[in-house]
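Biologist: Please take one helix of this model and describe it closely, then follow its surroundings outward into the rest of the chain. I should like to know which residues face inward, which face outward, and what lies against them.

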Amino acid sequence: MTPLSESTRKSAEYFSKASEVIPGGVTANIKYFDPHPLIMEKGKGSKLYDVDGNEYIDYLLCYGALILGHGHKQVFEAVTKQMIEYGTTIFGTPHKLETTMAEKLIELYPSIEMVRYTNSGLEATLLAIRTAVAFTGKSKIAKFEGHYHGGYDQVLVSVNPDMELAGDQTEPRAIGESRGLPDYYLENTIVLPFNDLESTEKILRAHADELACTILEPIQSGFIPADQEFMDGLRKITAELGILLIFDEVKTGFRLSLGGAQEIYGITPDITALGKVLGGGFPVGAVGGKKEIMMITSARDGRDILTAGMDNSNKQEPLYHSGTYNGHPLIVAAGLATINELEKEGTMDELFAITYALREQLERAYKEHGIIMQTIGEGSIFNIVIAEGPIKNYRDLEKANLQLRKEIDYKLLELGIYTKPLNRYSMSIVHTEEDTERTVKAHKEAIRRVLN
Ligand code: PLP
């Protein structure tokens with residue numbers, strides 16, 4: 001294995017070792033990059049440290065999850081307190097914190113009246129979709145091209161489609177994104193063009209009788225915002241057609257505002273999926289929505305799934321939702337500690353201010369070097385796009401100079417700035433002005449090295 005540079009030789013060695021026992025050397029395909037990913041050993045605040053002892057300012061932040069940075073004191077204390085005071089890691093029964101967190105989410109998210117927990121964002125969108133299918137009695141779903149909702153069959157469709165196969169922009173074809181996806185899902189997942197209300201409406205009207213829901217990332221990939229008129233129109237049309245609107249706020253939740261994208265857009269989705277920040281660095285997901293919809297999972301109103309068939313009740317069976325670790329007390333404690341920190345006066349404003357200052361300085365730095373670049377995003381996530389013109393959807397992004405961006409990203413790794421090549425930037429409340437100054441300086445040096 002050739003190391004990225006001499007200073008990452010140990011990473012290359014560990015990766016070779018990992019590749020003998022873990023397919024591809026990574027536990028999620030997304031974590032790989034050429035010639036080998038960096039193997040991290042330590043995190044502290046805004047920094048990551050690899051096995052070679054190199055320090056990086058971390059902008060990956062576990063794909064946005066670590067809004068308080070690494071090893072935040074309040075999260076550590078909340079988790080240890082929970083274990084020490086109550087004597088166990090998990091009860092395996094209902095417990096008080098589940099309700100405390102549900103009440104908090106209901107207070108923060110305009111559309112949420114009831115909550116169920118899952119173990120990941122993937123499970124949250126899966127439960128949201130199953131809830132919509134059960135509630136409407138319809139079986140197809142609609143999703144937008146380029147939107148990611150987790151790696152399972154129903155939604156692993158047209159996330160990063162090959163443009164040669166993807167069809168017309170106004171009527172994208174459903175393209176499977178993995179080997180092993182049964183055709184059933186491609187036939188039952190309708191793909192929509194993001195930020196194109198007219199075409200979206202046309203497709204939704206054509207399939208209205210069979211569509212249970214439309215799911216979307218209000219900010220695609222965390223950085224391409226939906227236009228306000230598009231959102232308003234989508235809410236209106238889905239309501240008219242009896243198609244439930246699901247906001248996948250796994251990435252945007254707590255990052256655009258404490259009440260997510262829905263608070264900013266002033267839109268009330270029928271169901272919301274949450275994850276990432278909500279777990280304070282631990283695996284989590286949650287589904288929330290209107291009471292009448294969420295009550296469909298209630299075992300008390302119908303027959304318990306395991307006793308179904310044992311009596312003659314005419315009551316409807318509930319939607320099946322389970323999970324050994326759902327509502328894990330340590331994770332809920334970490335999540336509550338995280339929200340508590342974010343709620344402190346001025347915290348979110350400071351986070352947004354440092355994010356926008358960094359964006360502005362980066363834009364200036366690229367301009368000085370004659371590179372046409374724009375930063376795109378909302379709140380505490382953004383991306384660097386080397387392209388002219390508005391970026392409104394997946395296809396616009398394809399026009400960006402990804403090659404130059406990638407070359408700069410590799411140089412940035414050598415200069416101690418970490419985000420996976422081509423990945424977006426997530427900020428935390430512990431990033432400092434010293435960090436952002438170092439980051440801008442590193443970008444200037446990276447550009448200089450690439451252009452010379
Ligand atoms: N939805 C969105 C918008 C995401 O960004 C992700 C993960 O990146 C998921 C769902 C899946 O979440 P998880 O990785 O926790 O399963």
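Modeller: The account below starts with the chosen helix, passes to its neighbours and then turns to other parts of the model.

Residues are counted from 1 along each chain, in the order in which its sequence is written. The model is predicted, so local features require a pLDDT of at least 70 and side-chain atom pairs a pLDDT of 80 or more, whereas totals for chains, interfaces and linings use all residues.

The helix is α11, residues 347-368. Helices (DSSP runs of H or I, at least four residues) and strands (runs of E, at least two) are numbered from the N terminus. The expected span of a helix is 1.5 Å times one less than its number of residues. For the 22 residues of α11 this gives 32 Å, and the distance between the end C-alpha atoms, 32 Å, agrees with it.

Met348, Leu351, Thr355, Leu358, Arg359, Leu362 and Tyr366 are the buried residues of α11. These residues lie on the same side of α11, because they cover an arc of only 100° around the axis. The arc is taken from the directions that run from the helix axis to the C-beta atoms. A residue counts as buried when 20 or more other C-beta atoms lie within 10 Å of its own, as exposed when there are 12 or fewer, and as partly exposed in between, with C-beta atoms placed from the backbone. The face turned away from the buried side of α11 carries exposed residues: Asp349, Glu350, Ala353, Glu360, Arg364, Lys367 and Glu368. Just beyond α11, Gly370 has a positive phi of about 75°.

The cover over the buried residues of α11 includes two helices, α10 (329-343) and α14 (433-451), and two strands, β13 (374-378) and β14 (381-385). Contact here means that the C-beta atoms of two residues, placed from the backbone, lie within 7 Å.

Within α10, one of these covering helices, lies Ile339. Ile339 is classed as buried because it has 20 C-beta neighbours inside 10 Å. Its C-alpha atom is 8.8 Å from that of Lys104, although 235 residues separate Ile339 and Lys104 in sequence.

The two covering strands belong to an open sheet of three strands in the order β13-β14-β16, with antiparallel pairing. β13 and β16 (425-426) are the edge strands, each with a single partner, so one side of each has no neighbour in the sheet. Two strands are said to pair if DSSP finds at least two bridges between them. Two bridges join β14 and β16 in the antiparallel sense, and Phe382 has Tyr425 of β16 as its bridge partner.

A second open sheet has four strands in the order β1-β2-β3-β15, and its pairing is mixed. Its edges are β1 and β15 (417-418); each has a single partner strand, so one side of each is left without a neighbour in the sheet. β1 (residues 40-44) and β2 (residues 47-50) run antiparallel and are joined by four bridges. Gly43 is bridged to Leu48 in β2, and Lys44 stands opposite Lys47. Two residues lie between the strands of this hairpin, where Gly45 takes a positive phi near 60°.

β2 is also what the buried residues of helix α1 pack against. In α1 (residues 9-21), the buried residues are Ser11, Ala12, Tyr14 and Phe15. Their arc around the axis is only 165°, which puts them on the same side of α1. Ser16, Glu20 and Val21 are exposed on the other side of α1.

Strand β7 (residues 211-216) is largely enclosed by the rest of the structure, because six of its six residues are buried. β7 runs parallel to β5 (residues 140-144), with four bridges between them, one of the bridge pairs being Ala142 and Thr214. Four bridges also pair β7 with β10 (residues 244-248) in the parallel sense; here Leu216 has Phe247 as its bridge partner.

Finally, there is the ligand. Of the 13 residues around the ligand, those that come nearest are Ser120, Gly121, Leu122, Gly150 and Val250. A residue is near a molecule if its C-beta atom, placed from the backbone, lies within 6 Å of it. Helix α4 (residues 121-136) supplies the largest share of this shell, three residues. By class, the shell has four nonpolar, six polar and three charged residues; Ala, Val, Leu, Ile, Met, Phe, Trp, Tyr, Cys and Pro count as nonpolar, Asp, Glu, Lys and Arg as charged, and the others, Gly among them, as polar.
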